[in-house]
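Thanks for sharing this one with me. Below are my notes, as numbered points, to read with the structure open beside them.

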Amino acid sequence: MSTASGPLDGIPAAEVPDVELYHPKSWLTKYVFSQDAKIIGIQYSLTATSIGLVALVLSWLMRLQLGFPGTFDFITPAEYYQFITMHGMIMVVYLLTALFLGGFGNYLIPLMIGARDMVFPYANMLSYWIYLLAVLVLVASFFAPGGPTGAGWTLYPPQAILSGTPGGQDWGIILMLASLMLFIIGFTMGGLNYVVTVLQARARGMTLMRMPLTVWGIFTATVMALLAFPALFVSAVMMLLDRLLGTSFFMPALVEMGQRLNHEGGSPLLFQHLFWFFGHPEVYIVALPAFGIVSDLISTHARRNIFGYRMMVWAIVIIGALSFVVWAHHMYVSGMNPYFGFFFATTTLIIAVPTAIKVYNWLLTLWRGNIHLTVPMLFALAFIVTFVNGGLTGLFLGNVVVDVPLSDTMFVVAHFHMVMGVAPIFVIFGAIYHWYPKITGRMLNEAMGRLHFWVSFLGAYLIFFPMHYIGLLGVPRRYYEIGETAFVPASAATLNAFISVMALIVGAAQIVFLFNLAWSLRRGRPAGPNPWNATTLEWQTPETPPPHGNWGKELPVVYRWPYDYSVPGAAQDFIPQNHPPARAAE
Amino acid sequence: MPVVIALVLVAVGSVAFHLLSPWWWTPIASNWGYIDTTLIITFWITGIAFTAVVLFMAYCVLRFRARPGHKAEHEPENKRLEWWLTIGTAVGVGALLAPGLIVWHSFITVPAEATEVEIVGQQWQWSYRLPGRDGRLGTVSARLIGPDNPLGIDPADPAGQDDVIVEGGELRLPIGRPVKVLLRAIDVLHNFYVPEFRAKMDMVPGQVTFFWFTPTRTGTFEALCAELCGLGHPVMRGRVVVVEEAEYHAWLEHQATFSRRLAAVR
Amino acid sequence: MSAILIYLALIGSVVAWWLSRQRLMAKPWLEVGVPVDAPGMGASGIPPARLGLWVFIAVVGALLTLFISAYLMRMHMSDDWRSLPTPPVLWFNTALLAFSSIGLHRAQMAARIGWREGIAVGLAAGGLSALAFLAGQYLAWRQVMEEGFGVATNPSSSFFYLITAVHGLHLVGGVVALGKTAYRTARGAPLAQLRLATELCATYWHFLLVAWIVLFGLLLHG
């Protein structure tokens, strides 16, 4: 197909729908019950960050216990298990998923594809309020009798609903399950929006292969989440019935503390299959948006086209599809049919290939680039380091027999924190430093940003890299304290204390970041519409920050792909996507 | 420049930490040396990949950092390079997977001569059941569990009469004989984990799971629970004592059988 | 988990078919300008609401298929399964739901030719028989309860209540949407709007009918 020529000047202005729609009547409908995807995105982000801070404090408390066992009397075993459970669940679902899809998805999708808003703004608004309700129910469990659940974020029955686990026979587990169900309902409303918006509301000329990888990542992750979250919903409903009505979906005949319970014949493994059928895609629901965003950060700040764009798109789609057939690699030692191990180890290691291709392409984008070491770029580099590290340890755990000695040890904890905690969070940081100027019109403070980066990057690496070796020693995860154990040398306690101190420092560095967010809102350097000289559409809005409706009178028309950086012969080292070809060579 | 130094430090430091740190797995005491070998292979392959990636990044940052007059090269893709990298990765992944699957196959193939031993988990202690003279374990059911019959052995089954029950003590095993460990739980999930044996498997209430191994070293080994089982999870400890065969039989003779226990209660 | 894998394979083939028409092999850096007439270059002409409904149906389909997966696994994983006496009223309910679906189909047809009374009649017939279906389902619950199968008696009855409840709740959601459409019809909303609304209701109803037939078959099987 030849597209380079044609009646480009004769393109009619894109149709302007009823702009009246975009003038909210009051402060309340503009900032609180807003139907503007950008405001909803900010609401999602702020809520997720707030609950994320709770998770951060919980991680401090658990690290205090692990690093200095016996020193802090106020942390009881029950509380310790409640802390780890809530920390895990908040980080995975209420922070990472909500922030990437609800936060970045809402803010970026309409802007990056040249739409005025999401296609179902009302459902989009409901999505946020239901999410907020889910968060409030979750927080309520801290104040409920018996406290929140301490079943571990995987909530495995039978222990999750028995009295030997904190919250098991109290309100904790009930509120947890209810909150998850609300989250899923709310997410589904948002998710339908993101998918249909990408499919139906793209600007003229915005073909799928001209979409920035950020949109590809968020879009694919949303499709996956829409199909995977029902599995969590099903397991939550069934566990709730087991707990409240005494059914036996997951509960076998068992004797708890000498008491025979009325359950009969249920299967704990059934829960694990359902849970991980959601749980594994969930990893990529977080990772794919991170992949997409980091691609755009690297390309923009290295002033070079993303290397192998097509491969990057295909890899996102292939990873998304494959991630639905690897779930049982979390269950190698669960007692499932051992022959499944062959299948799931193979699929799991196959998924490493498209993932590796993505890493190579990020590296090859840096290679022969013009690397500006801005704060977003620094975080992107830190993402590559931690993601590659955590991805490679995934090859240990995915390779069925190697998993046997390592499963349920601190090695696993170190692995998933590196790959699914630290790496995506670095992308979130990078993305915030990158898009904050568009959201607020001001730059974040550079010096504070660099301080935040260095402490977070080196600190997080020093936390989680040595932690693998504690796992190699044989220290199991989810231990309130390891105590006197023959095979654990005394020096391991020193290492644990070191990790805890680093955790406190890295946590404290986040305060700098939060302060920066607030400080720069007023005092930051004015950014102008396009401070990074980026090509994608969100930087080409007529106003910054963009108002409701985004584009003023005329929708943008897209003439080129999003990675025209350093094109030979061009006057500048970037050509915006909506720049018509006739004027490109000015 | 600090970025380059930091990246090099991360790469070199990680390798140095791996080589020099005193934290490493406990010496093996079972036949699963192959698992250690696959782990070592994995460390080599992934270690090389990690160091290469990070050092290459450091090189890129040094060589292609922004400076006056420097411009990025426009190069949308390079099919040949991408294919080579894909093939190389696939080979590396295959080199990890193949030994892994071979060892897994032997891990789940129990030798015919293995003797059966049962370990039962409950909140928060371990119990063990050893076959008596007949070498067979009797059938069990969670329905039969009671104060007199903590493991729920069927009193009507002749094979169960001479079973030896050890509650909360230590598990004795003879050296050099393959053992098929049958795992049961009577309340929640547990996992009998002895780091020296490398093998482990969850115990699931309502079903019987298994793993097998051959003890290769005499001594006392500490067992932990490796699947979250409630508040007492970290204190759920046990011990495995591996002894010479003769010593094992002498010990077994002195243990009370299930029928004797029942008789004593009556 | 085979049911959900088969379901995902179906969804996956639809996605793959669609992607195959999106020129994923194109080299976008070589194509500058607005590609005007090439296929798959822009958004399709499908109204967002219709596409949204289809995506929603795919999600609900995944949810129900996961229940089916859980049902089959629970049935075969343990030997305590007792088959449930299927109340004959379920057959009658199935007929009611089918009638409801036909009613909405008629409403959709009427909207297409612009016959307002036909829309009203179709919607009323569909809505009332949907409500009758829900009442019938409640009757079926009562009958199963009287047979001695409570919620926790046996997994077969637990699943029976759970699955019918989930299906029923989705129908309730549909009835709300239908009520809104009926209200609009009564207020004399423009035909174009009614056309889309009745079409969406009808599509959702057909889906819930098919889903019910599958779930009913499953319950008979158990």
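**Notes on the contacts, core and strands**

1. Let me start at B:Met57. Leaving aside its neighbours within four places in sequence, B:Met57 touches four residues of the other chain, A:Leu363, A:Leu366, A:Leu381 and A:Ile384, as well as B:Leu7 of its own chain. Please keep in mind throughout that this is a predicted model.

2. The next stop is the core to which this residue belongs. The largest nonpolar core holds 360 residues, and A:Phe379 and B:Met57 are the ones with the most contacts inside it. Helix α3 of chain A (residues 77-113) supplies the largest share, 24 residues. Domain 1 (2-66 + 77-108) and domain 2 (115-265) of chain B both contribute residues, so this core lies between them.

3. How many residues of chain A are in contact with chain B? On the chain A side there are 96, and they meet 80 residues of chain B. Helix α9 of chain A (residues 340-366) makes the largest contribution to the chain A side, with 13 residues. By residue type, that side of chain A splits into 66 nonpolar, 21 polar and nine charged. Two of the partners of B:Met57 from my opening point, A:Leu363 and A:Leu366, have numbers that fall in the α9 range of residues 340-366.

4. Chain C also touches chain A: 45 residues of chain C are in contact with 55 residues of chain A. On the chain C side, the elements giving two or more residues are α1 (2-20), α2 (48-77) and α5 (155-186). Of the elements of chain C, α2(C) gives the most, 14 residues. The chain C side divides into 33 nonpolar, eight polar and four charged residues.

5. Now for the database records, beginning with chain C. An unreviewed UniProt entry lists "transmembrane region" at residues 51-73, 118-139, 159-179 and 200-220 of chain C. In the model, residues 51-73 of chain C are 100% helix and 0% strand, with end C-alpha atoms 33 Å apart. Residues 200-220 of chain C are likewise 100% helix and 0% strand, and their end C-alpha atoms lie 30 Å apart.

6. For chain B, the UniProt annotation "transmembrane region", again from an unreviewed entry, covers residues 40-62 and 83-104. Residues 40-62 of chain B come out as 100% helix and 0% strand, with 33 Å between the end C-alpha atoms. Residues 83-104 of chain B are also 100% helix and 0% strand, and there the end C-alpha atoms are 31 Å apart.

7. Chain A has its own record: an unreviewed UniProt entry places "domain: Cytochrome oxidase subunit I profile" at residues 27-559. That span of chain A is 67% helix and 1% strand, and its end C-alpha atoms lie 37 Å apart.

8. How do the two parts of chain B relate, and what separates their centres? The domain assignment gives domain 1 (2-66 + 77-108) and domain 2 (115-265). Their centres, taken over C-alpha atoms, are 39 Å apart. Nine residues of domain 1 of chain B are in contact with 12 residues of domain 2 of chain B. The domain 1 side of this contact consists of six nonpolar and three polar residues, with no charged ones.

9. Strand β10 of chain B (residues 238-243) is worth a careful look. Which of its side chains are buried? Along the strand the side chains alternate: B:Gly238, B:Val240 and B:Val242 point to one face and are buried, whereas B:Arg239, B:Val241 and B:Val243 point to the other and are not. Strand β4 of chain B (residues 170-174) runs parallel to β10(B), joined to it by five bridges, and B:Leu171 sits opposite B:Val240. Strand β9 of chain B (residues 219-225) is antiparallel to β10(B), also with five bridges, and B:Glu222 has B:Arg239 as its bridge partner.

10. Finally, strand β1 of chain B (residues 115-122) pairs with strand β5 of chain B (residues 179-185) in the parallel sense over seven bridges. Five bridges join β1(B) to the antiparallel strand β2 of chain B (residues 125-130), and a hairpin of two residues links β1(B) to β2(B). B:Ile119 stands opposite B:Leu183 in β5(B) and opposite B:Tyr128 in β2(B).

Note on methods:
Residues numbered from 1 in each chain as written. Chains lettered and ligands numbered in written order. Predicted model: local features only at pLDDT ≥ 70, side-chain atom pairs only at ≥ 80, totals over all residues. Contact = placed C-beta atoms within 7 Å. Helix = DSSP H or I, 4+ residues; strand = E, 2+ residues; numbered from the N terminus. Nonpolar A, V, L, I, M, F, W, Y, C, P; charged D, E, K, R; others polar. UniProt positions renumbered as here; feature names shortened; annotations may be inferred. Core = buried A, V, L, I, M, F, W, Y, C linked by C-beta atoms within 7 Å. Buried ≥ 20, exposed ≤ 12 C-beta atoms within 10 Å, placed from the backbone. Domains from an automatic or database assignment. Pairing = 2+ DSSP bridges.
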